[in-house]
Amino acid sequence: MDTASDNQSATVQDVVEVWTDGGCRPNPGPGGWGVLLRFKGTEKELSGGELETTNNRMELTAAAEALEALKRPCTVRLHTDSEYVRNGITRWHTGWVRRNWRNASGDPVANMDLWRRLLDAAKQHDVSWHWVKGHSGVPENERVDELATEARKRIEETL
């Protein structure tokens, strides 16, 4: 066997498609998040919620939960309808870190705990971040929206 090709195939990572969503009603208020993981034709759904939260916190939680659910380093194509998540992870976070977790105005970054959690989870993987327009008929995005809504409603039932 050719050891060069053996070494090359050993470094190829599994590709996982991920869709995430989060929301709450009212905002702030009870919230939920949903995740759809797809690997080699197999799907896994995750969801959860919190009693008192915000839309942005649920969006961040969904992305972090998705990445933390992966058992080994993967190539991940993560789809979110949250520009906040996509911009924060691809553009803004380097400035926040450079400024000791302060935003451009000098104020502490909102949701810093979840941003740190997400960055930590992402460093385990090769993640590409994709924005998808919400409520536009993308089946996977519609499904994670349903999961997030169902999770929020379960939380509301506990009130």
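Let's start with Asp21: at 3% relative accessibility, Asp21 counts as buried. Keep in mind that this is a predicted model. Where does Asp21 sit? Asp21 is in strand β1, which covers residues 15–24.

Now its surroundings. Setting aside residues up to four places away in sequence, Asp21 touches Gly32, Trp33, Gly34, Met58, Glu59, Ala62, Asp81, Val144, Asp145 and Ala148. Keep three of those names in your head: Glu59, Asp81 and Asp145. They come back in the annotations.

First annotation. UniProt, in an unreviewed entry, places a "binding site" feature at Asp21 and Asp145. Why can these two be called one spot? They span 125 residues in sequence, but no two of their C-alpha atoms are more than 5.7 Å apart, so they gather in one place. That annotation may be inferred rather than shown by experiment.

Asp145 itself lies in helix α5, residues 139–157. So what does Asp145 contact, leaving aside neighbours within four places in sequence? Asp21 and His135.

Second annotation. The unreviewed UniProt entry also lists Asp21, Glu59 and Asp81 under "binding site". These residues are spread over 61 residues of sequence, yet they cluster in space, with a largest C-alpha distance of 8.8 Å. Asp21 appears in this listing, and Asp21 appears in the listing with Asp145.

Look at Glu59. Glu59 is in helix α2. Is Glu59 buried or exposed? Buried, with a relative accessible area of 7%. Beyond residues up to four places away in sequence, Glu59 touches Thr20, Asp21, Gly22, Thr80, Asp81, Ser82 and Val85. Both of its partners in the UniProt listing, Asp21 and Asp81, are among those contacts.

Next, the backbone. Most residues other than glycine have a negative phi, and most peptide bonds are trans. Here are the exceptions to look at.

Take the loop between β1 and β2, where β2 is residues 29–39. Pro26 is in that loop. The peptide bond from Arg25 to Pro26 is cis, with omega near -10°. Pro28 is in the loop between β1 and β2 too. A cis peptide bond joins Asn27 and Pro28, with omega about 0°.

Now phi. Lys40 is not a glycine, yet its phi is positive, about 50°. You will find Lys40 in the loop between β2 and β3, with β3 at residues 42–53. Lys40 counts as exposed, at 70% relative accessibility.

His135 has a positive phi as well, about 55°, and it is not a glycine. His135 lies in the loop between β5, residues 126–131, and α5. At 59% relative accessibility, His135 counts as exposed. Recall that His135 is in contact with Asp145.

Last topic: charge pairs. Side chains of opposite charge can pair when their charged atoms come close. How many salt bridges does a search of the whole structure find? The search finds 12.

One of them joins the side chains of Asp14 and Arg72, at 2.6 Å from N to O. That pair links distant parts of the chain, 58 residues apart. Asp14 is in the loop between α1, residues 3–11, and β1. Arg72 is in the loop between α2, residues 55–68, and β4, residues 75–80. Asp14 is buried, at 19% relative accessible area. Arg72 is partly exposed, at 47%.

Now Arg38. The side chains of Arg38 and Glu43 meet in a salt bridge, 2.5 Å from N to O. Arg38 counts as partly exposed at 25% relative accessibility, and Glu43 is partly exposed at 43%.

Arg38 also forms a salt bridge with Glu140, where the closest N and O atoms are 3.2 Å apart. This pair, too, links distant parts of the chain: Arg38 in strand β2 and Glu140 in helix α5, 102 residues apart. Glu140 is buried, with a relative accessible area of 17%.

There is a network as well. Salt bridges that share partners join Glu45, Arg143, Glu146 and Glu150 into one network.

To close, back to the start. Asp21 is buried, Asp21 touches Glu59, Asp81 and Asp145 among others, and UniProt's unreviewed entry names Asp21 together with Asp145 and with Glu59 and Asp81.

Definitions and conventions: Residues are numbered from 1 along each chain as its sequence is written. This is a predicted model: local features need pLDDT of at least 70, side-chain atom pairs count only at pLDDT 80 or more; totals for chains, interfaces and linings use all residues. Side-chain values use heavy atoms; hydrogens and water are left out. Helices (H or I, at least four residues) and strands (E, at least two) are DSSP runs, numbered from the N terminus. Buried means under 20% relative accessible area, exposed over 50%, partly exposed in between (1.4 Å probe, protein chains only). Contact means heavy atoms within 4.5 Å. A salt bridge is a side-chain nitrogen of Lys or Arg within 4 Å of a carboxyl oxygen of Asp or Glu.
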